[in-house]
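Here is a friendly walk through one protein model, with a few residues and one helix pair picked out along the way. Please keep the viewer open as you read.

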Amino acid sequence: MGGTKRRPYGSTAKTRQMVLAALGVVTVATAEQIRQLMCPGTSSAQTVRNGCLDLGRDGLVISLGSASRTIAAGNLVSEKPWNPTGPGLDAAAAVLGRPVREMGGTARGAARAGAKHAVKVTDTITAFLQTPPEPTRLVARKRPQPATSTPTGAPVGDDTSAAPAEVSSRPQGLGQIGSWAAEAVLPVSGTLTTPGKNSPRADAVLTAPEAGLPVMFVEVDNGTETPSSSPPRPPTIASSSAGR
């Protein structure tokens, strides 16, 4: 599928909406993470990258730094983390059906620093969500696409996305993308939009009453502190108010 003057990377409206919905919730994610989060049956992350690049031309998303991960082959891959701009948050609010005042920040500082914690939060939400995959075929394009993911030692321009050989079945997930919020303030006083001083933030919050889970708070620990440098605490990743 070739691009147009308006959409030079040939992305579809559906792809761009998926990107906005994902970044409206998790704030920072790579194209591969958005693929796993929103469309795991899509054979290549290039489809998502094209959506990000077209949205970038509209000033709705931006990539400011780089993130790294180790793929199945053991290679270290460097990828672009994408995050929304101010207008992008407005557009994401429309896609998610949320009031603009409830949207989070743009996470520009975290993106510049590689967003190590933010990408782990995205991986955690993906694990809970377990989006059902819809198998698709890779579409042949008339023009080569720029690579935004390069393994160490690989020539620039190679597309390193691994197309899944087959879509495996997944366990039942919890909620939908709109059921989640990341970096949610838990106001000890004030309101959600103007929380009181020292109000804590939850890495992620899930609201899924249809699954019997009114609310669940998730805290993601990167393990950057040694046991001697932090006080002992229960090894709980997530806590829920369900059943209380």
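Thr-122 sits in helix α6; helices (H or I, at least four residues) and strands (E, at least two) are DSSP runs, numbered from the N terminus. With a relative accessibility of 0%, Thr-122 counts as buried, where buried means under 20% relative accessible area, exposed over 50% and partly exposed in between (1.4 Å probe, protein chains only). Setting aside residues up to four places away in sequence, Thr-122 touches Val-26, Val-28, Ala-29 and Gln-33, a contact being heavy atoms within 4.5 Å.

A word on the source: this is a predicted model, in which local features need pLDDT of at least 70 and side-chain atom pairs count only at pLDDT 80 or more, while totals for chains, interfaces and linings use all residues. Residues are numbered from 1 along each chain as its sequence is written, and side-chain values use heavy atoms, with hydrogens and water left out.

Now to the helix partner of α6. Helices α2 and α6 pack at an angle of about 20°, and their axes are 9 Å apart; axes are lines fitted to C-alpha atoms, for helices over the stretch in contact, and angles run from 0 to 180 degrees between N-to-C directions. That makes α2 roughly parallel to α6 (angles under 35 degrees count as roughly parallel, over 145 as roughly antiparallel, 65 to 115 as roughly perpendicular and the rest as oblique). From α2, Gln-33, Gln-36 and Leu-37 meet a set of α6 residues that includes Val-119, Thr-122 and Ile-125. The residues of this α2 and α6 contact divide into 4 nonpolar, 4 polar and 1 charged. Here Ala, Val, Leu, Ile, Met, Phe, Trp, Tyr, Cys and Pro count as nonpolar, Asp, Glu, Lys and Arg as charged, and the others, Gly among them, as polar.

Which residues touch the most other members of the largest nonpolar core? They are Ile-34, Leu-37, Met-38 and Trp-180, in a core of 39 residues. Such a core is a set of buried Ala, Val, Leu, Ile, Met, Phe, Trp, Tyr and Cys residues joined through side-chain atoms within 4.5 Å. Elements that each supply at least two residues of this core include α1 (13-26), α2 (31-38), α6 (116-129) and β8 (201-208). Its largest share, 8 residues, comes from α1. Beyond four places in sequence, the contacts of Ile-34 include Val-19, Ala-22, Leu-23 and Cys-52.

Helix α3 holds Asp-54, a buried residue with a relative accessible area of 1%. Asp-54 lies 47 residues from Arg-7 in sequence, yet their C-alpha atoms are 5.8 Å apart. Apart from neighbours within four places, Asp-54 is in contact with Arg-7, Pro-8, Tyr-9, Gly-10, Ser-11 and Arg-16.

Two residues have a positive phi although neither is a glycine:

| Residue | Phi | Place | Relative accessible area |
|---|---|---|---|
| Gln-130 | about 50° | loop between α6 and β6 (149-151) | 18%, buried |
| Glu-183 | about 50° | strand β7 (180-185) | 38%, partly exposed |

Finally, the whole chain. The protein chain has 6 helices and 10 strands, and 41% of its 244 residues count as buried. Among contacts with a separation of 6 or more, 63% join residues 24 or more positions apart.
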